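Trainee: I am new to this model and would like a close look at one part of it. Please take a single residue and work outward from there.

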Amino acid sequence: QVQLVESGGGLVQAGGSLRLSCAASGRILSINAMGWYRQAPGKQRELVATRSSGGSTNYADSVKGRFTISRDNAKNTVYLQMNSLKPEDTAVYYCNAGPRVLSQGPYWGQGTQVTVSS
């Protein structure tokens, strides 16, 4: 079993920045990719960014140039640095992890709310 715990969400004004953290515990050897998804009210959950253990990254077009995903393997933690936030970034952000790159993993965090005010 893998457990993921997110932190760092909150309320920020448009144009501001926020950094999310996700710490993994349990059978971490099974994790080859970690990432972030988000779900806004009334919308489907969507990929935000992923990062493999080897360092490859993938970003949604809507966040390219604004968000950066990073990973500290020693701490089993993945981060999402969010800059130039927009109201449309408002969503619950979920950490995700799994054994395959370029695939949604089976492990999820509880979610952390990000609200961007205009």
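Trainee: Which residues does Tyr37 touch, not counting residues up to four places away in sequence?

Mentor: A word on the basis comes first. This is a predicted model, in which local features need pLDDT of at least 70, side-chain atom pairs count only at pLDDT 80 or more, and totals for chains, interfaces and linings use all residues. Residues are numbered from 1 along each chain as its sequence is written, and side-chain values use heavy atoms, with hydrogens and water left out.

Leaving out residues up to four places away in sequence, Tyr37 touches Arg45, Glu46, Leu47, Val48, Val92, Tyr93, Tyr94, Asn96, Gln104 and Trp108; contact means heavy atoms within 4.5 Å. Tyr37 lies in strand β4. Strands (E, at least two residues) and helices (H or I, at least four) are DSSP runs, numbered from the N terminus. The relative accessibility of Tyr37 is 6%, so Tyr37 counts as buried. The term buried means under 20% relative accessible area, exposed means over 50%, and partly exposed is in between (1.4 Å probe, protein chains only). From Tyr37 to Leu85 is 48 residues in sequence and 16 Å in space, C-alpha to C-alpha.

Tyr93, one of the residues touched by Tyr37, leads to the core. The largest nonpolar core has 28 residues, and those with the most contacts inside it are Met34, Trp36, Leu80, Met82 and Tyr93. Such a core is a set of buried Ala, Val, Leu, Ile, Met, Phe, Trp, Tyr and Cys residues joined through side-chain atoms within 4.5 Å. At least two residues of this core come from each of β1, β3, β4 (33-39), β5 (46-52), β7, β8, β9 and β11 (112-117). In soluble globular proteins, nonpolar side chains tend to be buried together. Met82, leaving aside neighbours within four places in sequence, is in contact with Gly16, Ser17, Leu18, Leu20, Arg66, Phe67, Tyr93 and Val114.

Asp89 lies in the loop between β8 and β9. Asp89 is buried, with a relative accessible area of 1%. Not counting residues up to four places away in sequence, Asp89 touches Arg38, Arg66, Phe67, Ser84, Val114 and Val116.

Next come the strands and their pairing. β1, β3, β8 and β7 stand in that order in an open sheet of 4 strands with antiparallel pairing; two strands pair if DSSP finds at least two bridges between them. The edges are β1 (2-7) and β7 (67-72), each with a single partner strand, so one side of each is left without a neighbour in the sheet. Between β3 and β8 (residues 77-82) there are 6 bridges in the antiparallel sense, and Ala23 stands opposite Thr77 in β8.

There is also 1 disulfide, a pair of cysteine sulfur atoms within 2.5 Å. This disulfide joins Cys22 to Cys95, with S to S at 2.0 Å. The pair links distant parts of the chain, 73 residues apart: Cys22 is in β3 (residues 18-26) and Cys95 in β9 (residues 91-98). Both Cys22 and Cys95 are buried. The angle about the S-S bond is -85 degrees, and the link is left-handed.

As for the whole, the protein chain has 0 helices and 11 strands. Buried residues make up 42% of its 118 residues.
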